[in-house]
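Hi everyone, thanks for coming. Today I'd like to walk you through one structure, so please have a look at the screen with me.

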Amino acid sequence: MFSLFRPSHFFAGLLLLAFSFIATPQAFAHAVLLDSSPRNDALIQSMPKQLRLQFNEPVTPAVARLLGPDGEATDLKESTEAAPELTFSLPSLTTIGSYTFSWRVVSADGHPIGETLRFSLLNKKQQSLCGPRS
Ligand SMILES: [Cu+2]
């Protein structure tokens with residue numbers, strides 16, 4: 001009869017468990033952010049209508065908060081869920097300066113991941129220093 005209490009069976013079971021972790025690393029990996037719009041440290045000339053996060057697998061949004069140059073925080077709502085991409089609508093923002101976008105999502109494996117993206121809205125003078133850009 002098979003019993004885990006027999007030492008040989010116990011070690012065989014342990015070995016099997018170890019192999020199952022090695023053999024299927026994807027099933028245990030967190031989601032990864034592949035791309036974002038704007039990108040981190042981006043200098044932008046006009047505020048986009050939405051923020052976009054591109055992941056390697058479908059995720060569940062948990063927190064999305066934009067902190068403006070004036071220190072005002074705005075909670076963003078997800079506007080489209082085209083997994084593995086999340087899109088958040090932005091209110092119309094015109095304040096020049098640095099914005100911080102903090103997000104937190106839950107991976108398919110149940111683990112939360114989060115990051116902070118910073119981007120800056122330039123004024124007219126800064127824009128001319130940077131040269132024309134699309
Ligand atoms: Cu994980």
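Let me start with a question: which residue takes a positive phi in the hairpin of E8 and E9? The residue is glycine 110, with a phi near 95°. That hairpin has 5 residues between its strands. Before we go on, please keep in mind that this is a predicted model.

Now, let's step back to the whole chain. The protein chain has 134 residues, and 13% of them are buried. There are 2 helices and 9 strands. If you read along the sequence, you meet them in the pattern α-β-β-β-β-β-β-β-β-β-α. Among the contacts with a separation of 6 or more, 61% are between residues 24 or more positions apart.

Back to E8, then, and its partners. Strand E8 covers residues 97-106 and runs antiparallel to strand E4, residues 60-67, with 7 bridges joining the two. One of the pairs here is proline 61 with valine 105 in E8. E8 is also joined to strand E9, residues 112-121, through 10 bridges, and this pair is antiparallel too. Here phenylalanine 101 has leucine 117 in E9 as its bridge partner. As a general reminder, strands of a sheet pair through backbone hydrogen bonds, either parallel or antiparallel.

Next, the open sheet. Its 4 strands come in the order E1-E3-E7-E6, with antiparallel pairing. Strand E1 (33-37) and strand E6 (78-82) are at the edges with a single partner strand each, so each has one side without a neighbour in the sheet. From one strand to the next, the twist averages 15°. The partner of E1 is strand E3, residues 50-55, and 4 bridges join these antiparallel strands. Within this pair, serine 36 stands opposite leucine 53 in E3.

Finally, let's look at the nonpolar side of things. The largest nonpolar core has 17 residues, and those touching the most other members are Leu76, Phe88, Tyr99, Phe101 and Trp103. At least two residues of this core come from each of E3, E4, strand E7 (85-89), E8 and E9. Which strand gives the most to this core? That is E8, with 4 residues.

Let me finish with one of those core residues, tyrosine 99. Leaving out residues up to four places away in sequence, tyrosine 99 touches Leu66, Leu67, Gly68 and Pro69, and also Arg118, Phe119 and Leu121.

Thanks for listening, and I'm happy to go back to any part of the picture.

Key. Residues are numbered from 1 along each chain as its sequence is written. This is a predicted model: local features need pLDDT of at least 70, side-chain atom pairs count only at pLDDT 80 or more; totals for chains, interfaces and linings use all residues. Two strands pair if DSSP finds at least two bridges between them. A residue is buried if 20 or more other C-beta atoms lie within 10 Å of its own, exposed if 12 or fewer, and partly exposed in between; C-beta atoms are placed from the backbone. Two residues are in contact if their C-beta atoms, placed from the backbone, lie within 7 Å. Axes are lines fitted to C-alpha atoms, for helices over the stretch in contact, and angles run from 0 to 180 degrees between N-to-C directions. A nonpolar core is a set of buried Ala, Val, Leu, Ile, Met, Phe, Trp, Tyr and Cys residues joined through C-beta atoms within 7 Å.
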